[in-house]
Amino acid sequence: MLEMRPDCERCGNDLPAEAPGAFICSFECTFCAPCAEEMDDQCPNCGGELMDRPVRAAKLHDKYPPSTERKFKG
(Lines give C-alpha, C1' and ligand atoms only; values in the text may rest on other atoms or scores of the structure.)
Protein backbone atom coordinates (compact mmCIF):
# COMPACT_ATOMS: atom_id res chain seq x y z
CA MET A 1 0.00 0.00 0.00
CA LEU A 2 1.28 3.47 -0.87
CA GLU A 3 2.20 5.77 2.03
CA MET A 4 0.48 8.74 0.38
CA ARG A 5 2.98 11.26 1.77
CA PRO A 6 1.39 14.61 2.63
CA ASP A 7 3.81 17.10 1.08
CA CYS A 8 6.20 17.89 -1.75
CA GLU A 9 9.76 17.03 -0.71
CA ARG A 10 11.14 19.94 -2.74
CA CYS A 11 8.88 22.89 -1.89
CA GLY A 12 6.66 21.69 0.98
CA ASN A 13 3.31 22.19 -0.77
CA ASP A 14 0.49 20.12 0.70
CA LEU A 15 -0.46 17.05 -1.35
CA PRO A 16 -3.67 15.57 0.10
CA ALA A 17 -4.09 11.85 -0.56
CA GLU A 18 -7.58 12.39 -2.00
CA ALA A 19 -6.44 15.05 -4.49
CA PRO A 20 -4.65 14.73 -7.83
CA GLY A 21 -1.39 16.55 -8.55
CA ALA A 22 1.23 14.46 -6.77
CA PHE A 23 4.06 12.63 -8.52
CA ILE A 24 6.07 9.72 -7.10
CA CYS A 25 9.02 7.52 -8.03
CA SER A 26 9.27 3.79 -7.26
CA PHE A 27 10.58 4.65 -3.76
CA GLU A 28 7.59 6.96 -3.15
CA CYS A 29 9.63 10.15 -3.14
CA THR A 30 6.80 12.65 -3.57
CA PHE A 31 6.66 15.95 -5.44
CA CYS A 32 4.00 18.41 -6.60
CA ALA A 33 3.29 18.82 -10.32
CA PRO A 34 5.21 22.11 -10.75
CA CYS A 35 8.34 20.67 -9.07
CA ALA A 36 8.09 17.41 -11.03
CA GLU A 37 7.87 19.41 -14.25
CA GLU A 38 10.87 21.58 -13.29
CA MET A 39 12.86 18.37 -12.64
CA ASP A 40 11.79 16.93 -16.02
CA ASP A 41 9.88 14.13 -14.22
CA GLN A 42 13.10 12.67 -12.81
CA CYS A 43 13.53 12.00 -9.08
CA PRO A 44 16.50 13.94 -7.66
CA ASN A 45 16.96 11.29 -4.95
CA CYS A 46 17.20 8.08 -6.98
CA GLY A 47 17.13 9.22 -10.61
CA GLY A 48 13.92 7.28 -11.24
CA GLU A 49 10.96 8.42 -13.29
CA LEU A 50 8.26 10.45 -11.54
CA MET A 51 4.74 9.25 -12.31
CA ASP A 52 1.26 10.42 -11.34
CA ARG A 53 0.38 9.21 -7.86
CA PRO A 54 -3.10 7.70 -7.71
CA VAL A 55 -5.60 9.31 -5.35
CA ARG A 56 -7.03 7.55 -2.30
CA ALA A 57 -10.76 8.04 -1.76
CA ALA A 58 -11.45 10.00 1.42
CA LYS A 59 -13.88 7.28 2.56
CA LEU A 60 -10.90 4.88 2.84
CA HIS A 61 -8.74 7.15 5.03
CA ASP A 62 -9.99 5.65 8.31
CA LYS A 63 -9.17 2.10 7.24
CA TYR A 64 -6.06 3.00 5.22
CA PRO A 65 -4.75 6.30 6.60
CA PRO A 66 -2.34 8.36 4.52
CA SER A 67 1.01 9.24 6.05
CA THR A 68 1.24 12.35 8.21
CA GLU A 69 5.05 12.42 8.22
CA ARG A 70 6.22 15.44 6.26
CA LYS A 71 9.42 15.05 4.19
CA PHE A 72 10.14 18.68 3.26
CA LYS A 73 13.32 19.83 5.04
CA GLY A 74 13.06 23.51 3.98
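This note walks through the fold, the core and a few individual residues of a predicted model.

1. **Overall make-up.** The protein chain has 1 helix and 3 strands. Read from the N terminus, the elements follow the order β-β-α-β. The radius of gyration is 12 Å, close to the 11 Å that the globule rule gives for 74 residues, so the chain is as compact as a globular protein of that length. The C-alpha trace spans about 35 × 25 × 20 Å along its principal axes.

2. **Surface and contacts.** Of the 74 residues, 36% count as buried. The protein chain exposes about 4700 Å². Carbon and sulfur atoms supply 50% of that area. Take the contacts with a separation of 6 or more: 54% of them link residues 24 or more positions apart.

3. **The sheet.** The 3 strands form an open sheet, and their order is S2-S1-S3. The pairing is antiparallel. Strand S2 (30-32) and strand S3 (51-52) stand at the edges. Each has a single partner strand, so one side of each is left without a neighbour in the sheet. Between S1 and S2 the antiparallel pairing runs over 3 bridges. To follow one of these on screen, start at Phe23: its bridge partner in S2 is Phe31.

4. **The core.** Which residues touch the most other members of the largest nonpolar core? They are Cys8, Phe31, Cys35, Cys43 and Leu50, out of 13 residues in that core. S1, S2 and helix H1 (33-38) each supply at least two residues to this core. As background, nonpolar side chains in soluble globular proteins tend to be buried together. Phe31 deserves a second look: it is the bridge partner of Phe23 and one of the core residues just listed. Cys35 is another of those core residues. Leaving aside neighbours within four places in sequence, Cys35 is in contact with Cys8, Arg10 and Cys11. Cys8 thus appears both in the core list and among the contacts of Cys35.

5. **Arg5.** Is this arginine, Arg5, buried or exposed? Its relative accessibility is 10%, so Arg5 counts as buried, the cut-off being under 20%. Arg5 is found in the segment before strand S1 (22-24). Its side chain makes a polar contact of 3.1 Å with the side chain of Glu3. A polar contact of 3.2 Å joins the side chains of Arg5 and Glu9. Not counting residues up to four places away in sequence, Arg5 touches Leu15, Phe27, Glu28, Cys29, Thr30, Arg53, Ser67 and Lys71.

6. **Met4.** Met4 also lies in the segment before S1. Its relative accessibility is 3%, so Met4 counts as buried. Its phi is near 60°, a positive value in a residue other than glycine. Most residues other than glycine have a negative phi. Beyond the residues up to four places away in sequence, Met4 touches Ala17, Glu28, Arg53, Pro54, Val55, Arg56, Pro66 and Ser67. Glu28, Arg53 and Ser67 are on this list and on the list for Arg5. Met39 stands apart from this site: the C-alpha atoms of Met4 and Met39 are separated by 20 Å, at 35 residues apart along the chain.

7. **Asp40.** Asp40 has a positive phi of about 55° although it is not a glycine. Where does Asp40 sit? Its place is in the loop between H1 and S3. Its relative accessible area is 64%, so Asp40 is exposed, the cut-off being over 50%. Positive phi values thus turn up at Met4, which is buried, and at Asp40, which is exposed.

8. **Glu18.** Glu18 is found in the segment before S1. At 42% relative accessibility, Glu18 counts as partly exposed. Setting aside neighbours within four places in sequence, Glu18 is in contact with Val55, Arg56, Ala58 and His61. Val55 and Arg56 are also touched by Met4. How far from Pro34 is Glu18, going by the C-alpha atoms? The separation is 18 Å, for two residues 16 apart along the chain.

Terms used. Residues are numbered from 1 along each chain as its sequence is written. This is a predicted model: local features need pLDDT of at least 70, side-chain atom pairs count only at pLDDT 80 or more; totals for chains, interfaces and linings use all residues. Side-chain values use heavy atoms; hydrogens and water are left out. Helices (H or I, at least four residues) and strands (E, at least two) are DSSP runs, numbered from the N terminus. Buried means under 20% relative accessible area, exposed over 50%, partly exposed in between (1.4 Å probe, protein chains only). A polar contact is a pair of N or O atoms within 3.5 Å; within protein, one must be able to donate a hydrogen and the other to accept it, and residues adjacent in sequence count only if both atoms are side-chain atoms. Contact means heavy atoms within 4.5 Å. Two strands pair if DSSP finds at least two bridges between them. A nonpolar core is a set of buried Ala, Val, Leu, Ile, Met, Phe, Trp, Tyr and Cys residues joined through side-chain atoms within 4.5 Å. The radius of gyration is taken over C-alpha atoms; the globule rule is 2.2 Å times the number of residues to the power 0.38. Accessible areas come from the Shrake-Rupley method with a 1.4 Å probe; for residues, only the protein chains shown count as cover.
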